[in-house]
Amino acid sequence: MNRTTLSLIAGATALAAVTGFAVLTAPDPTAADDGVATAAARLPVERSSLLCPTPSSSDLAETTYTSFTPVTKGTESEGGAALRPATTGQPAEEDTEESEKDDGGEKAAASAKPEKPVLEHKKEPGTPVTADTSGGEAPALLGTAEGRFAPGWTVQQTTEVAVGTGRGLQGVTCTAPDTEFWFPGASTSTERTDYVHLTNPDGSAAVVDIEVYGKDGALETEVGEGITVKPHSSEPVLLSTLTDEEQTDVTVHVVVRSGRVGAAVQALDNSLGGDWLAASADPAGSLVLPGIPKDATAVRLAVFTPGNVDADLKVQLASPSGLITPAGNETVHVKGGMTTAVDLGDVTRGEAGSLVLTPTDRSVPVVAAVRVLRGKGDNQESAFVPAAREVGLRATSVDNTAKGSTLAVTAPEGAAKVRVTVSAGSEGGTPATETYTIKAGTTQNIEVPVPDDVEGTYALTVEPESDDAPVYASRTLTAPDDGVPAFTVQTLPDDRGMVAVPRTEEDLSVLQK
């Protein structure tokens, strides 16, 4: 192997270990004709970044941030984790004049000293740390974890709003920066106030396009093009200002032209509460939407397929007893480039359930999410479950309480065993681990036994024992208030705490072929 190849590999490996975003693996050994093994080792990442959106504009908002890093073998450096305030910008539609000025503000933002952390995590990994804030002036947060706090670092932002538009429980898992996001299930209707929150973690401006697709295709969104998000800042973009068309269900596509951002949609309803709509898993032919609450009174599915090719999908529910087909909603036809919405009613019928979408014939990539209602009449609350990525090696939910948390795990393609670990509490206690078997095609709401000495909130970490069958999971958090069944749901995708790197120089020899 020549020196240049080795240098490239060394650089990519170092980048992977530091950021957690680069993955380097050798080609499939079955494709090599010299019999060289190409097994890859997995190493913990050494640095992670997470972004939390502005929690609420309500003066009555009460927000809790919870930070947690699971214990990971192979981590040695001390490090730590911290969440610092971002600069909150003006709504994007008012930024045109500002963007035409010189870049002095950008340079100042890029060189400004970091503000005092809202939360610092210096305890041992395996123990949650919390911080609270109140009111409508709380900023978006920029988070960084290093050393042994980086692998699997997870942060939950949970906000309670007592009254007003969007009242109820609003929860979101703070996300890593990226360059593309899909949000089926957003809305431009008069009953909804939806904001796309864009947060830039870097020292240079990011330029973002927001595309909106309704039931008949793309909506006119001239002001959604070329939105500038200044360094270390956050921009809330009111979705209804991007188009004059009022539609109940739209799909929002966030594309970053330069830089990277975190993105989430805050969906606030005049009468049905509100919650955060997290991004769907990347477009794929088959999708899983895990952990629809068993007492859901109404479920509305929104599906979108990029491009011009139509998709026909089989709709199934992974119940505790197996895969079943909802009567009257056996399939859904999705026209290319258009958002399709289907009312599934009380599809779970009092049992744990996950929605499974698969192609009826030809596989066409789609994205999807469901809006879930709990309660009846004036006492209804809404939340969202987007299509999820697999749990993979490991995934974690935080800010759990013994009476208010439900962990749902599904294995739609084959039986799986998972280890579930209850962490120490934020105010003390000892961790505990149990193993559960999830039957093929089922969803199980796991009642995790929490040790009596656990005080405060705790984390739940899910680890499949093998990769023979994909596993998906979500956590429902509830906080009933005066008869309103307030709740929020977060999916548990792989925490990307480990990165694959080649084991030896010999393993990489196939790269020269």
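Which residues form a negative surface patch? In this model, which is a predicted one, the patch is formed by Glu62, Asp132, Glu160, Asp481 and Asp482. Let me stay for a moment with one of them, Glu62, which is found in strand β3, a strand that covers residues 62-68. Its relative accessible area is 47%, so Glu62 is classed as partly exposed, given that the partly exposed class lies between the buried limit of under 20% and the exposed limit of over 50%.

From the charges on the surface I would like to turn to the aromatic rings, where the structure holds 3 aromatic pairs. In one of these, phenylalanine 181 and phenylalanine 183 are stacked, with 6.3 Å from centre to centre and 15 degrees between the planes. The stacked label follows because planes under 30 degrees apart count as stacked. As for the surroundings of these two rings, phenylalanine 181 is buried at 7% relative accessibility, and phenylalanine 183, with a relative accessible area of 0%, is buried as well.

Another of the pairs brings together tyrosine 213 and phenylalanine 304, and here the geometry is tilted, with the centres 4.8 Å apart and 40 degrees between the planes. This pair links distant parts of the chain, since tyrosine 213 sits in strand β13, residues 206-214, while phenylalanine 304 belongs to strand β21, residues 298-304, and the two are 91 residues apart. Tyrosine 213 counts as buried because its relative accessibility is 17%, which falls within the class of under 20%, and phenylalanine 304 is buried too, at 1%. If you widen the view a little, Trp182 joins Tyr213 and Phe304, and these residues form one aromatic cluster.

Next, a word about the salt bridges, of which the structure holds 16. I have picked out a few, and the one between lysine 122 and glutamate 120 is a convenient place to begin, with their side chains meeting at 3.7 Å, N to O. On the side of the base, lysine 122 is exposed, with a relative accessible area of 65%, whereas its acidic partner, glutamate 120, is partly exposed at 43%.

A further salt bridge is made by the side chains of aspartate 202 and arginine 260, at 2.9 Å, N to O. Here again the pair links distant parts of the chain, with aspartate 202 in the loop between β12 (192-199) and β13, arginine 260 in the loop between β17 (250-258) and β18 (262-269), and the two positions 58 residues apart in the chain. Arginine 260 is partly exposed, its relative accessible area being 24%.

What about a salt bridge between strands? Arginine 371 and aspartate 269 meet through their side chains at 3.0 Å, N to O, and this pair also links distant parts of the chain, because arginine 371 lies in strand β27, residues 367-376, and aspartate 269 in strand β18, 102 residues apart. Both partners are buried, arginine 371 with a relative accessible area of 18% and aspartate 269 at 4% relative accessibility. Elsewhere, Glu78, Glu124 and Arg148 are joined into one network by salt bridges that share partners.

I will finish with the backbone. Proline 236 has its place in strand β16, residues 233-238, and its C-alpha atom is separated by 4.4 Å from that of histidine 197, although these positions lie 39 residues apart along the chain. At 15% relative accessibility, proline 236 counts as buried.

Which sign does phi take at histidine 232? It is positive, at about 55 degrees, even though histidine 232 is not a glycine. This histidine lies in the loop between β15 (227-229) and β16, and histidine 232 is partly exposed, with a relative accessible area of 24%. Arginine 349, likewise a residue other than glycine, has a positive phi near 50 degrees. Its place is in the loop between β25 (339-345) and β26 (353-359), and arginine 349 counts as exposed, at 66% relative accessibility.

Key. Residues numbered from 1 in each chain as written. Predicted model: local features only at pLDDT ≥ 70, side-chain atom pairs only at ≥ 80, totals over all residues. Heavy atoms only, no water. Patch = residues over 30% accessible without salt bridge, like charges linked within 9 Å, V, L, I, M, F, W, Y side chains within 5 Å. Areas by Shrake-Rupley, 256 points an atom, 1.4 Å probe, with all protein chains shown as cover. Salt bridge = Lys/Arg side-chain N within 4 Å of Asp/Glu carboxyl O. Lys, Arg positive; Asp, Glu negative; His and termini not counted. Charge placed at Lys NZ, Arg CZ, Asp CG, Glu CD. Helix = DSSP H or I, 4+ residues; strand = E, 2+ residues; numbered from the N terminus. Buried < 20%, exposed > 50% of the residue type's maximum accessible area, 1.4 Å probe, protein only. Phe/Tyr/Trp six-rings, centres within 6.5 Å; stacked < 30°, edge-to-face > 60°.
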